[in-house]
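Dear colleague,

Please find below the structure I am handing over to you, with its sequence. My findings follow it.

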Amino acid sequence: MAVSDAEDQGHQNPVGIDELLDRVRAGYERIGPEEAAAEAAEGALLVDIRYAALREKDGLIPGALVVERNELEWRLDPQGSHRAPQAVGHDLRVVVICNEGYASSLAVASLRQLGLHRATDLTGGFQAWRAAGLPVAP
């Protein structure tokens, strides 16, 4: 049986980004700013994946680990040679935070593929955290 060029290259029915986000988010429960703050107080790791210009412009969440998106998997893989000291195991509760809550969802999908089954993200991202009046450091 012949395989089409698209199938041969691993391409199957393409989806738009909105559908992809819906599919990804259906696999876990996202949390809001207050819940993220409460979980951080109980030991969850907040991970800020925003790029430097946004962090400089808007500030930082105190206590959050800053890992730019392109390094995330290497820094949080508990088995990785470049892991952050906080990446202690696959049971670690990780809350990924981007600017508005979109890139973080895709990042969570990737972390879950690495076995970080408790990874989630912050609905609305950093902007929701700040709008909720939670702590932000300059």
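**Charges and aromatic rings**

The protein carries 13 positive and 21 negative charges, and the mean positions of these two groups are 5 Å apart. Please note that this is a predicted model.

One charge has a ring beneath it: the charged end of Arg50 sits over the ring of Phe126, at 3.9 Å from the ring centre. As for pairs between aromatic rings, with a cut-off of 6.5 Å between ring centres, the count is zero.

**Overall architecture**

The protein contains seven helices and four strands. Read from the N terminus, their order is α-α-α-β-α-β-α-β-α-β-α. The C-alpha trace spans about 60 × 30 × 25 Å along its principal axes.

Of the 138 residues in the protein, 41% are buried. The exposed area of the protein is about 7900 Å², of which carbon and sulfur atoms supply 51%. Considering contacts between residues at least 6 apart in sequence, 66% join residues that are at least 24 apart.

**Helix 6**

Which residues of helix 6 are buried? In this helix, which covers residues 103-113, they are Ser104, Ser105, Ala107, Val108, Ser110 and Leu111. The buried residues of helix 6 pack against two helices, helix 2 (17-25) and helix 5 (72-76), and against two strands, strand 3 (94-97) and strand 4 (120-121). After helix 6 comes Gly115, which has a positive phi near 100°.

With kind regards

Definitions and conventions. Residues are numbered from 1 along each chain as its sequence is written. This is a predicted model: local features need pLDDT of at least 70, side-chain atom pairs count only at pLDDT 80 or more; totals for chains, interfaces and linings use all residues. Side-chain values use heavy atoms; hydrogens and water are left out. Buried means under 20% relative accessible area, exposed over 50%, partly exposed in between (1.4 Å probe, protein chains only). Contact means heavy atoms within 4.5 Å. Accessible areas come from the Shrake-Rupley method with a 1.4 Å probe; for residues, only the protein chains shown count as cover. Lys and Arg count as positive and Asp and Glu as negative; His and the chain ends are not counted. The place of a charge is taken as NZ of Lys, CZ of Arg, CG of Asp or CD of Glu. Rings of Phe, Tyr and Trp (its six-membered ring) pair if their centres lie within 6.5 Å; planes under 30 degrees apart count as stacked, over 60 as edge-to-face and the rest as tilted. A charge sits over a ring if NZ of Lys or CZ of Arg is within 6 Å of the ring centre and within 35 degrees of the ring normal.
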